[in-house]
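Here's a friendly tour for anyone meeting this structure for the first time. Have a look around, and then we'll go through some of its details together.

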Amino acid sequence: MDDIRRSYARLCKESGAEPQESILQHLQQRSHLDFATQSLSVDTCGALGKLLQDELQFTEIMLSDCMLSEEGAKLLLHGLCSNTVVKSLDLKGNNLRAVGAEALGKLLRQNKSIRSLTLEWNNLGVWEESFALFCEGLRANCHLQCLDLRNNQINHQGAGELAMALKGNSTLRELDLRWNNIGLLGGRALLNCLHSNRTLQQLELAGNNVPSDILKAVGQAMEHNQERQDILCKSRSRTQVLSKEVLCLKEEKAKQFLGLMDTIDKQREEINRSSRVSAARVGQLQEALTEQHSVVNALKAKLQMMEAALALSEQKASELGELLSAAKQEQVKQTESQAKELQQCKKVEELERKNKMLQEQLFQVKEDLTHTTAEMKLRALQAEERLEMEKRRFKKGLEDAESLRLKEVNHMAHHLETSEHALQERIQRLEATRINLEEELSRVKSAALVERGQIEEELIKAKNQARLEEQQRLEHLEEKLRLMMQARDEAQNCCLQQKQSVAEAHAKESQLSLQVEGLRRRAEELQQELSSKEQEKVAEVNKVRVELQEQIGHLEAERTAQEGLREKIAALERQLKVLSSNHREKLLDKEGEISSLLEKLRVREAEICRMREEEAQRASFLQNAIMAYVQGSPLGSFSPKK
């Protein structure tokens, strides 16, 4: 406060005047300046004007009944032009005339903070040109809300200037014109301007010789403007609420979309990990297969060695047969030694028995070898087929997962775009309804409220439907994830089973290698014992060939059975494709239903727009009828022609 007093004193000294003690006392106030009934000189007004240019403390200034001169008022108002804090200005009873009106017009054009201006008991309307400048400033002002012009000697021409200013002003709420000389013409001019001004809520015209019907029409227009402002406030509050809800929905959808993207990224990482693990397992299985192939090749080489040994034993058996034939000839020649022959016969019988035993053992050994080779081949083929099937299944699973992920991402993006577009369209429609409601009469208020309630219910239903659809889609995605996890677990179990079968095959191979070594030893023993027999071995070899042919037939039958299984697998794959196509058709049907529902909503909105247009036409008809009635009344002869 002391700073303000010092600055005031300094400004007075600069202008060569002495500061007034009453002004210094009133400058001690905090939020408002009350100079009512204080006589202010021109120098004091100039100092106060310079002080109020940059002062950011006082929000209310009262200068009523200060007997300001034209020059002093001009200096004060010039200082207030650049002030941005003053909200209320009271200039009651200062006998402001032409210069004051021009200064007030400049103030209204430049100042952007004053909300209330009191100009009661002045003479602003005496000079028409100055009052016209004041009205131009009022027309250009976009912040003033309350204006008091009581007892300012405003005539019908000044009322016309005020009407022109009110047509361009969109912020003034209250205008007091009581106790002036407006008359019939001024009243009609003000009534006509109210058709374009929809913001003025209070207009006082008492004591102006204005007819009662015009006063009633002005009152009705004020009521209409008040109702319109109430509707506007409600619609703005509702649009704000709707915009907040829309923003919340957008944020929720963005969060859901981000969550889906995170889950998709996690699925990708899991799929990559599983692909890496499966690739490593496939490599291990391939290595195991290569080892099995090497073991099978080694067994084949061993079999070839055994066949070569058998061929050598057959040659030895043929030599022994020749020796036996020679021995028989010698026996025929030596008929003399019968005892020796009997002994030789016994020995031959014993040798034949031993030969039969050895042949039986050889037959069993060959059967074991054939069985083991067949089992190893079958296991190797089964392992290869399982690996191929697993590779195909894994590749199909990866392709299906990627295709489903891409489809779901595209569908979600499309759904988000459509929902945003629909919400924007609904917001635009709500704005259009708001504009139409502004143009409607008070009688359409109840119908508009009912329609808005219906629109809000439809919005709530649409939001609930969207939320339900999003929940269903999330559940569907979770089910798909669960199925993918189950398929991955099954693949891991199959890999573990294959590892176990490979380990079992390794164990059996070790056992077979031990058995082969034992058989080698037995074969060496048999080669030593098979030096005397030939014919029976040839017969046994023929039997072995027949058995091998039978085993080959069994193998061919098993191959045919495997082909039948493959055909069954192909049929199952076809059934899966058919089921997937049916599922896609169902999805397309659901999308068609959604589009039909949207069309129904559009049809309903078109009907609502049509009803609103009909109501607007009815309102215009009623307005025309009222105007025609007013023109047909006795006062209509005095009304100006449009």
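## Starting with a buried acid

Let's begin with Glu120: this residue is buried, with just 8% relative accessible area. Keep in mind as you read that this is a predicted model.

What does Glu120 pair up with? Its salt-bridge partner is Arg150, and the closest N and O atoms of the two are 2.7 Å apart. Glu120 sits in the loop between strand S4 (116-118) and helix H6 (128-140), while Arg150 sits in the loop between strand S5 (146-148) and helix H7 (156-168), so this pair ties together parts 30 residues apart in sequence. There's a wider web here too: Glu120 and Arg150 belong to a network of salt bridges that also links Lys92, Asp148, Asp176 and Arg178.

## Other salt bridges

How many salt bridges are there? The count comes to 13. One of them joins Arg97 to Glu70, with 3.8 Å between the closest N and O atoms. That pair links distant parts of the chain, 27 residues apart: Arg97 is in the loop between strand S3 (88-90) and helix H5 (98-110), and Glu70 is in helix H4 (residues 70-80). As for their surroundings, Glu70 is buried at 16% relative accessible area, whereas Arg97 counts as partly exposed at 28%.

Arg610 and Glu614 make another salt bridge, this time with the closest N and O atoms 3.0 Å apart. Both belong to helix H12 (residues 535-632), and being four residues apart puts about one helical turn between them. In general, an α-helix has 3.6 residues a turn, so residues three or four places apart point the same way. Each partner is partly exposed: Arg610 has 43% relative accessibility, and Glu614 has 28%.

## A nonpolar patch

Helix H12 has something else to show, as Val630 is found there. Together with Ile626 and Tyr629, Val630 makes a nonpolar surface patch of about 350 Å². Val630 itself counts as partly exposed, at 42% relative accessibility.

## Two helices and their buried residues

Now to helix H1 (residues 2-14). Its 13 residues reach 18 Å from the first C-alpha to the last, close to the 18 Å expected at 1.5 Å a residue. Which residues of H1 are buried? They are Ile4, Ser7, Tyr8, Ala9, Leu11 and Cys12, and they pack against helix H2 (21-26) and helix H3 (42-53). After H1 comes Gly16, which has a positive phi, near 80°.

Helix H8 (residues 183-193) has its own buried set: Gly183, Gly186, Gly187, Arg188, Leu190, Leu191 and Cys193. The cover over these buried residues of H8 includes H7 and helix H9 (212-333).

## Cysteines without bonds

How many disulfides does the structure hold? Zero. Just as a reminder, a disulfide is a covalent bond between the sulfur atoms of two cysteines. Take Cys142: the closest cysteine sulfur belongs to Cys81 and is 16 Å away, which is too far for a bond, given that a disulfide needs the two sulfur atoms within 2.5 Å.

Cys248 is another cysteine you can look up in the model. Is it buried, exposed or partly exposed? With a relative accessible area of 40%, Cys248 is partly exposed.

Methods. Residues numbered from 1 in each chain as written. Predicted model: local features only at pLDDT ≥ 70, side-chain atom pairs only at ≥ 80, totals over all residues. Heavy atoms only, no water. Buried < 20%, exposed > 50% of the residue type's maximum accessible area, 1.4 Å probe, protein only. Helix = DSSP H or I, 4+ residues; strand = E, 2+ residues; numbered from the N terminus. Expected span 1.5 Å × (residues − 1). Contact = heavy atoms within 4.5 Å. Salt bridge = Lys/Arg side-chain N within 4 Å of Asp/Glu carboxyl O. Patch = residues over 30% accessible without salt bridge, like charges linked within 9 Å, V, L, I, M, F, W, Y side chains within 5 Å. Areas by Shrake-Rupley, 256 points an atom, 1.4 Å probe, with all protein chains shown as cover.
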